[in-house]
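The following exercises concern the geometry of a single protein chain. Please inspect the sequence and the structure before working through the solutions.

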Amino acid sequence: MKRFAFTFFVIIIAGCGGTQDAATERGSGYAYREGYPEMRITAVGFFTETDAPAIQIVADIVEGSLIYKSADGISVATATLTIQVLKLNQKERVGFASLQIPISIEGRSDNLIRSSDLHTIVQNVEVTPGDFEVILSITDNASNQQTSRKATTSIPEKSDTLIGLTSVRMYGVESDIREEVVSITTHDVQNRYAGLVFENQFLVPESMDSVAVTIKLSQYESDIEHARQMAGLPINPGSIQYKGINYAGGKTLRTDIAYVRGSSRPTQVRHIMPMPGSGNYRLEFSITQPDGRVETRAREFGVKSPWYPNVRTIREMAEPLIYLTSQKEYARMMAIGDPDSLKKEVDRFWLTNIKNRSRAAQVIQLYYSRVEEANKQFSNFKEGWKTDMGMVFILFGPPWYVENSVEGSIWYYSYNRNDLRYVFRFYRPRVSDVFYPYQHYILVRERYYHSVEYEMVENWKSGHVLLDR
């Protein structure tokens with residue numbers, strides 16, 4: 001994993017700071033589009049070692065999403081990253097800073113074209129306290145295709161009566177905390193890290209002797225099951241499958257207390273923890289203001305497989321076969337603990353159904369490329385391939401037409417939009433929690449989907465799916 005750090009200093013035009021809900025950081029999604037550069041970002045306000053207010057901007061660029069030109073055995077891709085920092089006052093832009101960073105990635109292996117490795121750029125932009133919108137755009141110089149991502153953050157002003165809190169920064173620890181840590185830009189956290197580091201800074205007035213900071217780690221029950229059959233029963237509105245994640249039932253795993261004293265300088269609190277198991281979590285830093293209000297800054301995250309959203313291990317290849325196998329066959333496969341034995345069973349599944357090895361290889365590549373794309377497009381509190389949209393996408397591919405509304409989405413797989421067998425309706429559950437951050441869609445299940453799903457599964461198992469592309 002490559003890391004390049006640039007430092008750019010600029011003062012944004014001063015103005016009255018607006019207000020925004022920056023209490024919880026959640027990281028970015030993937031915003032995947034085929035043929036476009038893929039970039040994941042985070043932007044968090046903090047104070048530098050010289051106490052200057054700044055925004056730490058991190059851009060993770062997927063190397064394989066760029067276009068490479070090869071000459072003399074060396075492949076090279078070039079791109080341009082544009083960063084815009086906008087200061088906001090009542091949501092109006094009152095200040096502006098912009099810079100461009102050239103990017104060049106090269107290597108001797110053609111694997112760069114398919115690489116899921118990240119080219120990471122860390123940029124610190126000095127600003128004045130307030131609320132900010134940060135826009136990052138990456139343009140592939142070969143294709144001229146551009147991807148833009150947006151993030152918001154804020155930086156507190158110094159006060160004689162109130163405690164200022166910055167947003168929470170989150171890092172992964174490769175093996176030893178003394179080594180360089182890795183900024184985590186997405187909500188999804190790969191469980192290959194040895195641990196996690198969270199940092200929060202406090203502006204405590206000098207008149208205060210000591211302030212207690214409560215650090216709490218909570219886990220939330222969520223739906224972890226794969227999508228059910230398309231012709232099955234409707235989902236019960238009271239179930240976790242309907243809610244997706246239960247914020248009302250959070251379980252506190254650990255609580256720690258740190259103390260910070262009044263100072264003319266910002267004070268940093270650093271919390272280090274071992275990597276938790278798969279699930280959805282929130283790490284909170286809370287203080288009590290002099291007026292009695294409890295103020296919190298938090299980072300939410302979901303722990304997933306070691307190389308998520310990519311599929312690399314044999315178990316990760318076996319699990320999505322739930323959409324092509326019988327329940328009995330799948331249960332037998334999942335009961336295999338030895339990786340070598342599981343690989344033989346996965347190979348047996350494909351080669352028993354598709355007799356031609358060359359065709360089988362093409363089908364396998366298509367299937368798992370859709371699994372990975374489903375992870376990037378539909379990931380939420382669980383893996384994207386497990387969602388209803390992920391299941392339909394894997395089996396049928398990208399929809400021909402899409403109609404989106406506030407209530408949900410309709411996917412069409414036929415020129416005849418009245419052919420209900422190839423029209424899939426997804427609705428968004430009515431979840432009362434106003435802080436619900438996930439894009440959660442549920443398929444409207446119909447009996448007539450039974451034959452359509454059966455035919456598509458048979459096309460995959462026979463290899464005929466290659467003819468339908």
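**Exercise 1: Strand pairing and the sheet**

In this predicted model, Ser409 stands opposite Phe426 in strand 23. Determine which strands form the open sheet and which stand at its edges.

*Solution.* Step 1: five bridges join strand 22 (residues 408-412) to strand 23 (residues 423-427), and these two strands run antiparallel. Step 2: the open sheet has four strands in the order 21-22-23-24, with antiparallel pairing. Step 3: strand 21 (401-404) and strand 24 (442-443) each have a single partner strand, so they stand at the edges and one side of each lacks a neighbour in the sheet. Step 4: helix 6 (residues 388-396) packs on the sheet and touches strand 22, strand 23 and strand 24. The direction of helix 6 makes about 160 degrees with that of strand 23.

**Exercise 2: A helix pair**

Classify the packing of helix 3 and helix 4.

*Solution.* Step 1: helix 3 (residues 327-334) and helix 4 (residues 339-353) pack at about 155 degrees, their axes being 10 Å apart. Step 2: angles over 145 degrees count as roughly antiparallel, and helix 3 and helix 4 are therefore roughly antiparallel to each other. Step 3: Glu329, Arg332 and Met333 of helix 3 meet Leu342, Glu345, Val346, Arg348 and Phe349 of helix 4. Step 4: the contact comprises four nonpolar, no polar and four charged residues.

**Exercise 3: A pocket lining**

Describe the lining of the second largest pocket.

*Solution.* Step 1: the volume of this pocket is about 1100 Å³. Step 2: 33 residues line the pocket, and the closest to its centre are Tyr32, Arg114, Ser369, Glu372 and Lys376. Step 3: helix 5 (residues 357-378) supplies the largest share of the lining, nine residues. Step 4: by class, the lining has 14 nonpolar, eight polar and eleven charged residues.

Technical notes:
Residues are numbered from 1 along each chain as its sequence is written. This is a predicted model: local features need pLDDT of at least 70, side-chain atom pairs count only at pLDDT 80 or more; totals for chains, interfaces and linings use all residues. Side-chain values use heavy atoms; hydrogens and water are left out. Axes are lines fitted to C-alpha atoms, for helices over the stretch in contact, and angles run from 0 to 180 degrees between N-to-C directions. Angles under 35 degrees count as roughly parallel, over 145 as roughly antiparallel, 65 to 115 as roughly perpendicular and the rest as oblique. Contact means heavy atoms within 4.5 Å. Ala, Val, Leu, Ile, Met, Phe, Trp, Tyr, Cys and Pro count as nonpolar, Asp, Glu, Lys and Arg as charged, and the others, Gly among them, as polar. On a 1 Å grid over the protein atoms alone, a cavity is a set of points where a 1.4 Å probe fits but cannot get out, and a pocket is an open set with protein on both sides within 12 Å along at least five of seven lines; lining residues have an atom within 4 Å of a point. Grid points are joined across faces, edges and corners, and a volume is the space filled by probe spheres set on the points. Two strands pair if DSSP finds at least two bridges between them.
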